[in-house]
Amino acid sequence: MKTNTELDRLRSMIDGIDDRILDLIERRLDAAREIAAAKSDDPNALKLCPAREAEVIGRLEARASATAAPAVRHVWRELMAHSLQLQARTDIVIASGDDTLRAALRHSLGSAPSVIRAATEAEALALAVSGGAIAVLALPLPPLPQGLAVLKEVLDEAGTAVAAAIGRLAAREELAWSPGSWRSRKAAQMPIYPSAAKLAEVEQRLAEAPPVVAVSEAAELKQALARAAEGGAFLLQAGDCAESFADFSLERVRANHRLLLDLGRLIPGEVVHVARGAGQFAKPRSTAMEAGESGPIPTYRGDAVNGVEGSPAARRPDPQRLLRAHSQSLATAKMLDAFASEAALNGAGPRVYTSHEALLLNYEQALTRRDERTGRCWATSAHMVWIGERTRELDGAHVEYARGIANPIGLKCGPGLRADELLRLIDRLDPANEAGRLVLIGRFGAEEIGRTLPHLMRAARAEGRKVLWVSDPMHGNGRVVNGRKTRLIDEITTEIRHYFDIAAAEGVHAGGLHLETTAAPVTECIGGRSGLSPADLSRRYESLCDPRLNGEQSIEVAAFAADCMSGPALQRERAA
């Protein structure tokens, strides 16, 4: 047992350490005040920096000993919360009756912001619009007023998202691009991982891992898409809605590869074949939570994020899944290369390129490589990546990442996209107006395409933009029948027909088709020559997310598109 004299010495040492810690806290807060004075953006804009917080805490957790690491997140979240309050005093507003959120608020946002009450959710949102507060609402969220955005998910101590912090976005100056510059932007649809340190470890392992595709192949695809943008080729992009870890085999990859080539043979002229595969493991979702057997659970976001099983543990985001997604993507890409080599030995067979939605930016950044010959950065996770309908904010993280890589980029365009917004996105993503760089993938719905697409095509053409217009006739035509998501073949073909007719009327090359397909004999879409009815949906519904065309339905849809290309629509296009 230590003597009183020894205990006094140790306590005196701790007192001295505490004094030095306090001095450093004071210096940190002084630095926060200087940052506030130096910033040139809107002084009234809300100060909430989840990406910066995650970066700081992750770095310190990685440095900390096993003993100190559990305290890092709690201590630095409080320090950063107080620092942000010095930059701009911000109140948290919750609706009356949301007392259960208070513990989660402290866990996610720290204790520095004051918490005030509003009578209703609508009043809390109104204060966020006019009063500069942050509204925190329980999930699921109501529609948000113009000018507000989700700044951060609010997690409970188990790491489950239970609410969202909503506020105004600060005006932002254009920053120099780097593979990680997206981290300073609002990142929609990104999972919140329980441990930033474990995520950082996975990112480092991916940064040292082999690329999924070669830069030279991505550049080759870009040249092929340039021919398509100039009217000399047609992009056929097709494959799974979401790839699965469990349902993976050489036979499955070969069958889907063969289906893509079969579809391409139906299209006249040069066809550029691009698979939705070798990386399509994550999906944006419309809600953060869904019903589970014992209550609400986080939504399934794809095998690269969490498990499809309906338990809270399975639905917790796990960064280790990114490593498995990379491993399977690499295997799939090697299979596709092997199939191309087999075809070359037989004297025929086009290359199949890979593509996926660039949703998980931690994964994309880690697999970004710089071409030493040109100095340009390329995503080596796929030959082509696209930005989705839910992540195309001009100042958002996904557009920020995509603007700096040299790959071909797809941009999903839905019925809510305005012509002026599209032109700003084109300027951001393709400032050099480079043919083959930007693929605009329209996903409007059969009832909306006639209202929206002509204005968008007209605006891009008037500006002389060398973009490639592609039709995605599936994502705008979803509906729920007998409790299952499905798509009607008649609505898919109607949108395809409108796409070709509108392009011809606007003097634009109708240059591609984007489909969700599988060679498996699934019963997920209904109608058409196959005669599948709502009663058939439960017979073989296997998709993890959205309904896909089976092989027979895929052939029917591609043949219909080919008829549109060779019929009156094409004749009008050539005459224009």
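**View 1. Strand 16 and strand 19 run side by side in the parallel sense.** In this predicted model, strand 16 covers residues 468–471 and strand 19 covers residues 510–516, and 2 bridges link the pair. To find your bearings, look for Ser471, whose bridge partner in strand 19 is Leu513. Helix 14 packs on the sheet here, and its direction makes about 165 degrees with that of strand 19. Besides strand 19, helix 14 touches strand 6, strand 15 (438–442) and strand 16.

**View 2. Step back a little, and 8 strands close into a barrel.** Follow them round in the order 6-7-10-13-14-15-16-19, with parallel pairing. From one strand to the next, the twist averages 30 degrees. Strand 16 and strand 19 from the previous view sit next to each other in this order.

**View 3. Helix 13 packs against helix 14.** Two packed helices are described by the angle between their axes and the distance between the axes. Here the angle is about 35 degrees and the axes lie 10 Å apart, with helix 13 spanning residues 449–462 and helix 14 spanning residues 489–506. The crossing of the two helices is right-handed. On the helix 13 side, look for Ile449, Gly450, Leu453, Pro454, Met457, Arg458 and Arg461. Helix 14 meets them with Glu495, His498, Tyr499, Ile502, Ala503 and Glu506. Sorted by class, this contact has 7 nonpolar, 2 polar and 4 charged residues.

**View 4. The second largest pocket has a volume of about 580 Å³.** Which residues come closest to its centre? They are Asp240, Glu243, Ser244, Asp247 and Arg252, out of 37 that line the pocket. Strand 6 (234–239), helix 8 (250–266), strand 7 (271–276) and helix 9 (320–345) each give at least two residues to the lining. Helix 8 provides the largest share, 6 residues. By class, the lining of this pocket is made up of 16 nonpolar, 10 polar and 11 charged residues. Strand 6 and strand 7, which contribute to this lining, are also members of the barrel in View 2.

**View 5. A hairpin joins strand 8 to strand 9.** The connection takes 2 residues. Strand 8 is residues 289–292 and strand 9 is residues 295–298, and they pair in the antiparallel sense over 4 bridges. A handy landmark is Ala291, which stands opposite Pro296 in strand 9.

Note on methods: Residues numbered from 1 in each chain as written. Predicted model: local features only at pLDDT ≥ 70, side-chain atom pairs only at ≥ 80, totals over all residues. Heavy atoms only, no water. Pairing = 2+ DSSP bridges. Axes fitted to C-alpha atoms, helices over the stretch in contact; angles between N-to-C directions. Left-handed = near helix turned anticlockwise from the far one by under 90°. Contact = heavy atoms within 4.5 Å. Nonpolar A, V, L, I, M, F, W, Y, C, P; charged D, E, K, R; others polar. 1 Å grid on protein atoms, 1.4 Å probe; cavity = no way out; pocket = protein on both sides within 12 Å on 5 of 7 lines; lining within 4 Å. Points joined across faces, edges and corners; volume = space filled by probe spheres on them.
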